[in-house]
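User: Please take a close look at one pocket and describe what lines it. Then set it against other local features of the model.

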Amino acid sequence: MARVLYIDDDEGLCRLISRAMARRGHVVETAANGAQGLERLRHDQFDLVAVDHYMPGMDGLETLATIARLPDPPPVIYVTGSEEGRVAIAALKAGAADYIVKSLGEEFFELLETTFRQVLDRRRLLAEKAEAEAKLRAAYERTEALLKEANHRVANSLQIVSAFVRLQASVATSEEARSALRDTQQRITAIAQVHRRLYNSDDLDLVEMSDYLATLLAEVEATWSTPQAPHRLILSAEPIRLETDKAVSMGVLVAELVSNSFKYAYPQGAGGEIRVDLRAEGTGFVLRVEDDGQGCDPSASPKGTGTGTKLVRAMAASLGAEIAQETSGSGFHVLVRAAQGLGRSVALAARAAPPLMPAAPQPTSSVA
């Protein structure tokens with residue numbers, strides 16, 4: 001059953017409609033003109049309103065426009081004796097939920113009642129849709145809060161583990177053990193930084209790589225650079241965003257390559273420059289890690305345990321990337337290229353953004 005306000009200056013028709021709709025289960029109250037109808041709507045609640053087009057003073061379209069400006073107005077059915085399409089179009093543009101052409105007899109009453117039910121069904125469905133969307137938003141917000149808290153706890157736990165490893169490295173008696181522990185600490189830091197960024201970000205699916213790499217490389221620099229061998233670490237990266245698992249792989253890969261340059265590129269006691277460059281390329285990316293050190297023979301056995309080399313290859317495989325190495329007397333250069341990995345919108349945004357410029361040279365190491 002619906003409670004309906006019927007606005008029409010034809011008193012006889014209003015009585016007929018009230019009786020006909022009562023037989024069909026609706027309660028119809030009437031108003032003789034637009035002003036009277038608006039007054040009723042301001043002080044009472046109706047499920048829907050029917051408005052006649054031709055009325056003296058305030059006509060139907062003006063009444064309809066005024067109803068639309070009320071707070072939480074009911075849906076309006078526009079009733080007109082004219083079959084001109086322009087009247088119906090004007091009513092729909094003004095906010096009418098539907099319209100019918102006025103006539104006399106049971107056929108009109110049946111059509112009016114059918115329109116009542118259709119409009120009320122649409123309104124009910126819209127209300128249910130809005131309620132469902134509100135519940136989904138609330139569920140999403142709860143899930144997002146839980147994920148942020150989970151990332152926060154994981155980042156804190158990994159930070160504690162990293163501190164334990166750093167402490168163990170400080171008391172290790174052999175340089176080989178200290179180096180291995182520092183490598184382990186750096187790998188833990190690469191993963192922890194991703195979770196920390198997810199905790200502080202509104203996007204739980206993507207990690208912005210320029211900021212992430214800047215923070216990560218500052219940690220690498222603090223671990224390996226010394227006043228006796230002040231390396232200069234330069235980062236230039238476009239604002240590329242990667243999925244969480246790919247960001248972790250990228251972080252571990254970069255940390256391994258840069259740590260390797262810190263350890264082996266320059267003679268002991270000598271400083272030097274290490275450069276990291278990340279760029280979008282189509283729907284993929286290109287990563288370059290370079291130094292100007294003494295280079296190495298790619299066919300020679302690894303200087304360390306070989307774990308770092310295996311990790312670099314594994315991380316590149318998880319990124320779907322290929323690795324190319326160049327070495328000469330002027331240094332060691334690693335190129336990592338992935339044909340896929342970025343969404344189109346991310347790749348376009350990265351190409352449109354200006355590159356991060358390295359800071360002016362400093363006497364000690366720095367991440368720019």
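Analyst: A pocket here is an open set of points, on a 1 Å grid over the protein atoms alone, where a 1.4 Å probe fits and which has protein on both sides within 12 Å along at least five of seven lines; lining residues have an atom within 4 Å of a point. Points are joined across faces, edges and corners, and the volume is the space filled by probe spheres set on them. The model is predicted, so local features need pLDDT of at least 70 and side-chain atom pairs pLDDT 80 or more, while totals for chains, interfaces and linings use all residues. Residues are numbered from 1 along each chain as its sequence is written, and side-chain values use heavy atoms, without hydrogens or water.

The second largest pocket has a volume of about 180 Å³. Its lining consists of Leu41, Arg42, Asp44, Gln45, Phe46, Leu70, Pro71, Asp72, Pro73, Pro74 and Arg123. By class, six of these residues are nonpolar, one is polar and four are charged (Ala, Val, Leu, Ile, Met, Phe, Trp, Tyr, Cys and Pro are nonpolar; Asp, Glu, Lys and Arg are charged; the others, Gly among them, are polar).

Two of the lining residues, Phe46 and Asp72, have further features. The face of Phe46 is covered by Arg3, at 4.4 Å from the ring centre; this contact requires NZ of Lys or CZ of Arg within 6 Å of the ring centre and within 35 degrees of the ring normal. Asp72 sits in the loop between helix 3 (60-68) and strand 4 (76-80), where helices are DSSP runs of H or I with at least four residues and strands are runs of E with at least two, numbered from the N terminus. Its phi is positive, about 50 degrees, although Asp72 is not a glycine. Asp72 counts as exposed because its relative accessibility is 67% (exposed is over 50%, buried under 20%, partly exposed in between, with a 1.4 Å probe and protein chains only).

Away from the pocket lining, Arg166 in helix 5 (residues 106-171) is partly exposed, with a relative accessible area of 39%. Arg166 and Leu181 are 15 residues apart in sequence, and their C-alpha atoms are 7.1 Å apart in space.

The structure holds one aromatic pair. The ring centres of Phe108 and Phe109 are 5.9 Å apart and their planes lie at 55 degrees, so the pair is tilted (rings of Phe, Tyr and Trp, its six-membered ring, pair with centres within 6.5 Å; planes under 30 degrees apart are stacked, over 60 edge-to-face, the rest tilted). Phe108 and Phe109 are both buried.
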